Amino acid sequence: MLQFRHLKSSCFNERKLSLPTCRPSPVASRLLTKAAVAEVLNDSTLENDSSTYLSNVVMWNGKRLQTQVLPLTQDTISIRSLDWDRDRFDIEFGLEKGTTYNSYLIFGEKTALVDASHEKFHELYLETLEKELKKMGRTIDYILVSHTEPDHSGLIPAVLDRYPEAVVAGSKVCLQFLTGLTHRPFTAQAVKGGDKIDLGMGHVIEFVMAPNLHWPDTMFSYDHGTGVMYTCDAFGMHYCTDQPFDVDVKSIMPHYRFYYDCLMKPNAKSVTTALRKVKDLNFNVIANGHGPILKYNVSELVGNYGSWSSSIAKGEVSVAVLYSSDYGFSDRLSQTLARGVTKASVQTEMLDLLSVDPQELVACVGRSKGVILMSPPGDSAEAKTSLAVITSALKPGTKVLVAESFGGRDEPVDTLLSSLVDVGAEVVVDPLRVRDLPHQALYQGFEEAGTDLAQALIAKDSIAAKKAAMPADVAKALARLSSGLYVVTAAHNNARSAMVASWVSQASFEPLGLTIAVAKDRAIESLMQVGDVFILNCLGEDNYNATIRHFLKRFAPGADRFEGVEYFTDEGSNCPVISSSIAYMQCKVISRMETPDHWITYCEVADGNVLKPAARTAVHRRKVGNYY
Ligand code: FEO
């Protein structure tokens, strides 16, 4: 919070949908004019509507922040916090277009705020909120909290400081968490699925529990008066623009899909369940928490969630990810493990050990070929019951992974593991221990562990499937494509990784560009997202065997790929350069194209050097084309 205390009130000069002065993005030139926005909103009164405006841009740690206010529908406005330059969300999520945090005000006879914003928007957001409330002569009667991740709830304590009479409505777990977060008394109203709060003037808000979309305590709020469904993370995308709606569906679709893949795919079954719960609600707007609000393509975009999730849910191999909500880092670490599993195209089911119905747990563990068990609090009666259920339901041969939650009262992982081994579980990844506050390298290790478990489940199927997919003659013909041998090295904060690459090709002259194919289940994939920088090391034909052998080894999750390797650090990118390489290039990922099992990354070459001028690049020749 201290970081943005320097923001002055005077920086908040409202601007009515004119372009901010310090937005260099080329997107700006394509943004809709005020008249065009009025047109797409199909509301001629908006043309002169002073309730639609942007704040000035303020800088926070060198990145641009701005708020935007717009009418959404009857008695409802949106306050969107535009985080133009945010470039990452956790380890797994490189952001190409920044993001937004959307919150909403519903003015019935009572006033409800739906979610808030990230702490970094402290002054900007609170000024905007206060201004809008003053305009209407209102205070806040209810705060509807979709879930408790800090990008939406980070400012709720500050809102409560200003509006202490507000009643906070959320799931039971959500309210417990907020109690710890706010350090102040507040009036709480725990709600369940189907509960309603009547704000008056027709705005009856019905709650729908949507656990794991994408947080354990997530709930949707549906306004029967307007048909707006408030879904926060679900149906969102990390895409910052001051066009507030899904007008340009072609542009937003890749971001919508990528967001689904990163956050929702590990919870495909939960997505399907949530869609079933809301199917009878007549919603016409999806008021999400990130990116453009869905108004013009609701059925297509919501339908995509249905089709993407049902195709995943049909997969035969699944991993149960069992965590304890709101305990230590169980939530976030389990999401990272699940993300690692889905990178290898294996589906996951996530269940909360502290609230799951025992029969549901029996069924889930029984049908899962793999089980990830996050250590629950050792003093929880609910967790003890769930652990007993797991050991009774686990089938011999189930592959398991046990991990600490860093909650302070973790059931010891060795005890957990031996209780699973006693009933026939097979350990394929060593227990994951967390000694320090989780950091990027630790999350990277967890993601890799999830991928390792999934790969162990599908290894035989996968090789057999590759062989079966291509006639032998075609496979031999394809092998006539030859390539060079390279090692890609990448680093981001304290996480770094490397992989052997052979599917590398120059792709453009101006700018100098190349493509590299990266298998979706590669650990380094998380460090090669749009905007990321890496090094392409070229291996010499006379001196590549030891390097290839080293980097083709199977590394334990989180293991340092560079231990025992001679390298130096490239100053421009902070990535390792392998000393024995004959040349190297510093590259930046510009775009990625998805194929069924690889990402084709198009990169621009920013810098490079030759280390051994007389040496030639090693050539990779294969016997069959259906494997590397
Ligand atoms: Fe956008 Fe779950 O926070």
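Which strands does helix α7 lie across? In this predicted model, the helix, made of residues 268-278, lies across β13, β14 and β15. Its direction is at about 150° to that of β13, the strand spanning 204-209.

Those three strands belong to a bigger arrangement, an open sheet of five strands with mixed pairing. Read across the sheet, the order is β12-β13-β14-β15-β16. The edges are held by β12 (196-198) and β16 (285-288), each of which pairs on one side only. From one strand to the next, the twist averages 25°. Inside this sheet, β14 (residues 219-223) and β15 (residues 228-232) pair in the antiparallel sense, with three bridges between them. A handy spot to look at is serine 221, which stands opposite tyrosine 230 in β15.

The loops around β13 have a few backbone quirks. On one side, in the loop between β12 and β13, sits methionine 201. Its phi is positive, about 55°, although methionine 201 is not a glycine. With a relative accessible area of 46%, methionine 201 is partly exposed. On the other side, the loop between β13 and β14 holds asparagine 212, another residue other than glycine with a positive phi, here near 75°. Is asparagine 212 buried or exposed? Its relative accessibility is 4%, so asparagine 212 counts as buried. Histidine 214 has its place in that loop between β13 and β14 too, and the peptide bond joining leucine 213 to histidine 214 is cis, with omega at about -5°.

A cis peptide bond also turns up further along the chain, from glutamate 510 to proline 511, with omega near 0°. Proline 511 lies in the loop between β25 (504-508) and β26 (513-519).

Back before the mixed sheet, strands β10 (residues 167-170) and β11 (residues 187-190) run parallel and are joined by four bridges. One residue to pick out here is valine 167, found opposite threonine 187 in β11. To get from β10 to β11, the chain passes through helix α5 (residues 172-182), and this β-α-β crossover is right-handed.

Next comes a stretch that carries a label. According to the UniProt record, an unreviewed entry, residues 319-454 are annotated as "domain: Flavodoxin-like". Over residues 319-454, the chain is 46% helix and 17% strand. The C-alpha atoms at the two ends of this stretch are 8 Å apart.

Another open sheet of five strands has the order β18-β17-β19-β20-β21, and its pairing is parallel. Here the edge strands are β18 (347-352) and β21 (426-427), each pairing on one side only. Strand β20 (residues 399-403) pairs with β21 in the parallel sense over two bridges. Valine 400 has valine 427 in β21 as its bridge partner. Helix α9 (residues 330-343) packs on this sheet and touches β17 (318-323), β18, β19 (370-374) and β20. The direction of helix α9 makes about 165° with that of β18.

Serine 419 is found in helix α12, which covers residues 413-422. At 28% relative accessibility, serine 419 counts as partly exposed. How far is the C-alpha atom of serine 419 from that of serine 380? The two are separated by 17 Å, with their positions 39 residues apart along the chain.

Aromatic side chains make a last theme. The structure holds 15 aromatic pairs. One of them brings together phenylalanine 568 and tyrosine 584, whose ring centres are 5.9 Å apart and whose planes are at 75°, so the pair is edge-to-face. Phenylalanine 568 lies in strand β28 (residues 567-569) and tyrosine 584 in strand β30 (residues 583-594), so this pair ties together parts that are 16 residues apart in sequence. As for the surroundings of the two rings, phenylalanine 568 counts as partly exposed at 32% relative accessibility, whereas tyrosine 584 is buried, with a relative accessible area of 10%. Elsewhere, one aromatic cluster is formed by Phe220, Phe235, Tyr256, Tyr260, Tyr305 and Trp308.

Conventions
Residues are numbered from 1 along each chain as its sequence is written. This is a predicted model: local features need pLDDT of at least 70, side-chain atom pairs count only at pLDDT 80 or more; totals for chains, interfaces and linings use all residues. Side-chain values use heavy atoms; hydrogens and water are left out. Two strands pair if DSSP finds at least two bridges between them. A crossover is right-handed if, with the strands pointing away from the viewer, the path from the first strand over the helix to the second runs clockwise. UniProt positions are given in the numbering used here, feature names are shortened, and annotations may be inferred rather than shown by experiment. Axes are lines fitted to C-alpha atoms, for helices over the stretch in contact, and angles run from 0 to 180 degrees between N-to-C directions. Contact means heavy atoms within 4.5 Å. Rings of Phe, Tyr and Trp (its six-membered ring) pair if their centres lie within 6.5 Å; planes under 30 degrees apart count as stacked, over 60 as edge-to-face and the rest as tilted. Buried means under 20% relative accessible area, exposed over 50%, partly exposed in between (1.4 Å probe, protein chains only).
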